[in-house]
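User: Please give me a close look at one helix in this structure, and follow its surroundings outward into the rest of the chain. I would like one connected account rather than a list.

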Amino acid sequence: MERVEQSRLIELANSSSFSRSVYAEIEEVGWEHLVRLSEDLKSLSFRVVARDKKGRVHCTEIQLDKNYPKSPPSISMDVPYIFSLKWSRKSRLKDLLQQLQEHLEKLQEIWTILDEIDKSLWVVDPKHQSRASAFRQINLGNDCFIMLSIHVNDPRSLPECRFKGSGPMVNSFRKTWQRNSKRWNKDKPFLENVANLLEIQLPRPPDHQNNYCQVECGICYAQFLPIDEELGANSGSGTNYTCDNASCSKAFHNICLGDWLRSITTTRQSYDVLFGNCPYCSEPVAVKINNSKK
């Protein structure tokens, strides 16, 4: 019995030490950057803002091994590839996030090109594109499509391409691209290069794609709240709040954003309005709350 009790006490002490360590490291990073934290403290999600004019916001999922910090954490994120983490026993979460920030800065150019493609061209199925994707399938019209694969380490270089479709223009576009490929100029805008090689004016996206906006909640990741009597008037409702920061424009359910703001110590409340910061870009937000379920 004494051995069992001794083992339990050692396990408890180790657990307490782990908890103190994790909380201390989150404090170093800043609680305002924390998006989620599991009950066992082994799964965390942080918000990272790229240091460029676009101010892109990214979330990274971090899993801590039972031997942390002796064993490095694992990282999951919507990026074309994960960097090679430099880790030692003295490393901390802030070191991981610093390396991640540097990695994101290297990817800004490819994301700028992809954003311009999504904004300006007729992209097939744009709703399912992610930051991890380095290719785009573009509708050229007449049942002809071009698949552009952009090089992550040299995004302004000539992309790999494939033509798809059954229309008579497919072979013509393919031959034109091959004939003009040497005309690609890395000093020119990406879309101008594509148009020059194809010798056409690239089709603009249909109106419904131009007007596409994110509708999934940035907190619960669902478009609609569940049908639940406890939610009252909010039951089954869609996202109804959007961050005013044009570089963020994250959508939220009022109730999700209100619950999140209540968990942050810096949030202020005046009457029925909560004042705080966006979970993704830290810009000021103000959310009206309604505790009534009718």
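Analyst: Contact, which is what packing rests on here, means that heavy atoms lie within 4.5 Å of each other. The model is a predicted one, and the helix I have chosen for the close look is α3, whose buried residues pack against β3 (57–63), α2, β5 and α5. Those buried residues are Q108, I110, W111, I113, L114, I117 and S120, where buried stands for under 20% relative accessible area. As for its geometry, α3 has 13 residues and spans 18 Å from its first C-alpha to its last, close to the 18 Å expected at 1.5 Å a residue.

One of the packing partners of α3 is α2, a helix of 14 residues that reaches 20 Å between its first and last C-alpha atoms, close to the expected 20 Å at 1.5 Å a residue. In α2 the buried residues are L93, L96, L97, Q99, L100, Q101, H103 and L104, so named because their relative accessible area is under 20%.

From α3 a charged pair leads along the chain: D115 forms a salt bridge with R131, and their closest N and O atoms are 3.0 Å apart. This pair links distant parts of the chain, since D115 belongs to helix α3 (residues 108–120) whereas R131 lies in the loop between α3 and β5 (135–141), 16 residues apart. D115 counts as partly exposed because its relative accessibility is 28%, and R131 counts as partly exposed because its own value is 27%. In general terms, side chains of opposite charge can pair when their charged atoms come close.

A comparable question can be asked beside α2, where the side chains of R92 and E28 meet in a salt bridge with an N to O distance of 2.7 Å. R92 lies in the loop between β4 (74–77) and α2 (93–106), and E28 in helix α1 (residues 2–29), so that this pair links distant parts of the chain, 64 residues apart. At 26% relative accessibility R92 is classed as partly exposed, and E28, at 38%, is likewise classed as partly exposed.

Another packing partner of α3 is α5, and a further salt bridge involves the loop that comes before α5: K186 pairs with D154, with the closest N and O atoms 3.1 Å apart. K186 lies in the loop between α4 (169–180) and α5 (190–198), and D154 in the loop between β6 (144–149) and β7 (160–165), so the pair ties together parts that are 32 residues apart in sequence. K186 is partly exposed because its relative accessible area is 41%, and D154 is partly exposed because its relative accessible area is 30%. Elsewhere among the charged residues, R179, R183 and E199 are joined into one network by salt bridges that share partners. A search of the whole structure finds 9 salt bridges.

The later part of the chain can be read in the same spirit, starting from I219, which lies in the loop between α6 (207–210) and β8 (241–242). Leaving aside neighbours within four places in sequence, I219 is in contact with F252, C256, L257, W260 and P279. The C-alpha atoms of I219 and L257 are separated by 7.2 Å, although the two residues are 38 apart along the chain. I219 counts as partly exposed because its relative accessibility is 23%.

Helix α7 (residues 254–262) lies across β11 and β12 and runs at about 70° to β11. Those two strands belong to an open sheet of 3 strands, ordered β10-β11-β12, in which the pairing is antiparallel. Its edge strands are β10 (268–270) and β12 (284–288), each of which pairs on one side only, and the twist averages 25° from one strand to the next. Between β10 and β11 (residues 273–277) the antiparallel pairing extends over 3 bridges, with Q269 standing opposite L274 in β11.

To set these pieces in the whole, the protein has 7 helices and 12 strands, and buried residues make up 37% of its 294 residues. Of the contacts between residues at least 6 apart in sequence, 43% join residues at least 24 apart. The protein exposes about 17,700 Å², of which carbon and sulfur atoms supply 48%.

Conventions
Residues numbered from 1 in each chain as written. Predicted model: local features only at pLDDT ≥ 70, side-chain atom pairs only at ≥ 80, totals over all residues. Heavy atoms only, no water. Helix = DSSP H or I, 4+ residues; strand = E, 2+ residues; numbered from the N terminus. Buried < 20%, exposed > 50% of the residue type's maximum accessible area, 1.4 Å probe, protein only. Areas by Shrake-Rupley, 256 points an atom, 1.4 Å probe, with all protein chains shown as cover. Pairing = 2+ DSSP bridges. Axes fitted to C-alpha atoms, helices over the stretch in contact; angles between N-to-C directions. Salt bridge = Lys/Arg side-chain N within 4 Å of Asp/Glu carboxyl O. Expected span 1.5 Å × (residues − 1).
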